[in-house]
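Welcome! Please take a look at the sequence and the 3D view, then work through the exercises that follow.

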Amino acid sequence: MNETSSTSDGRSWLLHCRAGFEAECAEEAVDAAAQHGRAGFARTERGAALVEIAPADQHALPPPPHWRNLVFARQSLALLARFDALDPKDRLGPPIDALAAAGLRIADWWVEAPDSEAGEDLRGLARALEAAALPLLRKRTLVDPASSMRAHLVLRDGTHALLALADVRHAAPWPQGIPRLKFPRGAPSRSTLKLDEAFLVLLDDADRRALLRPGMTAVDLGASPGGWTFQLVARGMRVTAVDNGPMDDALMASGQVEHRREDGFRFRPRQRVDWVVCDMVEQPARVATLMRDWLSEGAARAAVFNLKLPMKKRWLETQRCIALLRDSLGDAWTVRAKQLYHDREEVTVAVLPARPGG
Ligand SMILES: C[S@@+](CC[C@H](N)C(=O)[O-])C[C@H]1O[C@@H](n2cnc3c(N)ncnc32)[C@H](O)[C@@H]1O
């Protein structure tokens, strides 16, 4: 390896996040390391959409957290090497040498640009390098389809890059941790993609099989004009949409929606429903408390809701809401939260039965 690169031996973490939320992502990850008794410090810049967490002492960090267990990170990787002066004529040589030197064989190789302003200009280069890499890796017998490892070369600019590894069992299955969703024809609002993404990111395959079935019932609090209701109807559910605002005509014509012009904080269904979802713009703790009450009273079996975050102390506020839910609901429930790609100054939370089929 030349002197313009340095290794990290997988002792550090590399996290993709939303640009502007690096501080929250860093605080959360440092706390996650501390829970394993390890001290970490963050290297990042505002707007970079990337955060590195390095060990603060001689002790290596544990493997990076499962991507679903982090709120502000979209992707969770182990950092292997850093390249600070790549030759534009051979950008792939040093990272491939680093992989070979680490004695690793990988199932796949992705080249990514961060989801930042600077990253926009690097997309074409990333695609070209990704296409060029696989034949070179095969030639050096570094590809093994049975491996659980995937290499991520993350470009910072034309000459700076980071090489990281994903354990595919613990990492998000999409480049940059962003699922590419198509806006569905006929959906009444952009925020429809938030609930679509929440079902993809916060639920795993077993959760989706057990919890998203035609014939189920749901209540949508703060439903107007109906983007979230649209997703529930598309999955064959019968929905009570609660909002003083109007609902989309085509959605109402589906015959699967009952519109109730009531206060979402007071409404309760006559019978337990399978889902309560909530997108009301309110204090995060007030929404978390409402959802806790619905679930503990047995008014719904599962919940997805959005927490609009204050401008300051966003990680602290998110932690408080998650703790409120976990502490009062107990082990019978799984609480997951994520700042989704379609979320802005907010995070989305799912509270699911711990044994969804049971
Ligand atoms: C962000 S919008 C919801 C968008 C909706 N999820 C969609 O996908 O189209 C928030 C909605 O919450 C409603 N809302 C706010 N406070 C409410 C309350 N106390 N009861 C019922 N609805 C409320 C507002 O009328 C507004 O329509």
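**Exercise 1.** Is phenylalanine 199 buried or exposed?

*Solution.* Start with the cut-offs: buried means under 20% relative accessible area, exposed over 50%, and partly exposed in between (1.4 Å probe, protein chains only). Phenylalanine 199 has 1% relative accessibility, so this residue counts as buried. Before going on, note that this is a predicted model, where local features need pLDDT of at least 70, side-chain atom pairs count only at pLDDT 80 or more, and totals for chains, interfaces and linings use all residues. Residues are numbered from 1 along each chain as its sequence is written, and side-chain values use heavy atoms, with hydrogens and water left out.

**Exercise 2.** Find how many aromatic pairs the structure holds, and describe the pair of tryptophan 67 and tryptophan 174.

*Solution.* A pair of aromatic rings is described by the distance of the centres and the angle of the planes. Rings of Phe, Tyr and Trp (its six-membered ring) pair if their centres lie within 6.5 Å; planes under 30 degrees apart count as stacked, over 60 as edge-to-face and the rest as tilted.

- Step 1: the structure holds 4 aromatic pairs.
- Step 2: the ring centres of tryptophan 67 and tryptophan 174 are 5.6 Å apart and the planes stand at 90°, so this pair is edge-to-face.
- Step 3: tryptophan 67 sits in the loop between strand 3 (50-55) and strand 4 (73-83), while tryptophan 174 sits in the loop between strand 7 (161-167) and helix 5 (192-201), so the pair ties together parts 107 residues apart in sequence. Helices (H or I, at least four residues) and strands (E, at least two) are DSSP runs, numbered from the N terminus.
- Step 4: tryptophan 67 and tryptophan 174 are both buried.

**Exercise 3.** Which kind of aromatic pair do phenylalanine 199 and tryptophan 275 form?

*Solution.* Their centres are 5.4 Å apart with 65° between the planes, which makes the pair edge-to-face. Next, place the partners: phenylalanine 199 belongs to helix 5 and tryptophan 275 to strand 11 (residues 273-278), so the pair joins parts that are 76 residues apart in sequence. Tryptophan 275 is buried, with a relative accessible area of 1%.

**Exercise 4.** Describe how helix 5 packs against helix 7 (residues 227-234).

*Solution.* Axes are lines fitted to C-alpha atoms, for helices over the stretch in contact, and angles run from 0 to 180 degrees between N-to-C directions.

- Step 1: the two axes come within 6 Å and cross at roughly 45°.
- Step 2: helix 5 is therefore oblique to helix 7. Angles under 35 degrees count as roughly parallel, over 145 as roughly antiparallel, 65 to 115 as roughly perpendicular and the rest as oblique.
- Step 3: Phe199 is among the helix 5 residues that meet helix 7, where the partners include Trp228 and Phe230. Contact means heavy atoms within 4.5 Å.

**Exercise 5.** What does threonine 318 touch, not counting residues up to four places away in sequence?

*Solution.* First, locate threonine 318 in helix 10, which spans residues 314-329. At 1% relative accessibility, threonine 318 counts as buried. With that sequence limit, threonine 318 touches Val71, Phe72, Leu309 and Val347. Finally, check one of these partners: the C-alpha atoms of threonine 318 and valine 71 are separated by 8.6 Å, with their places 247 residues apart along the chain.
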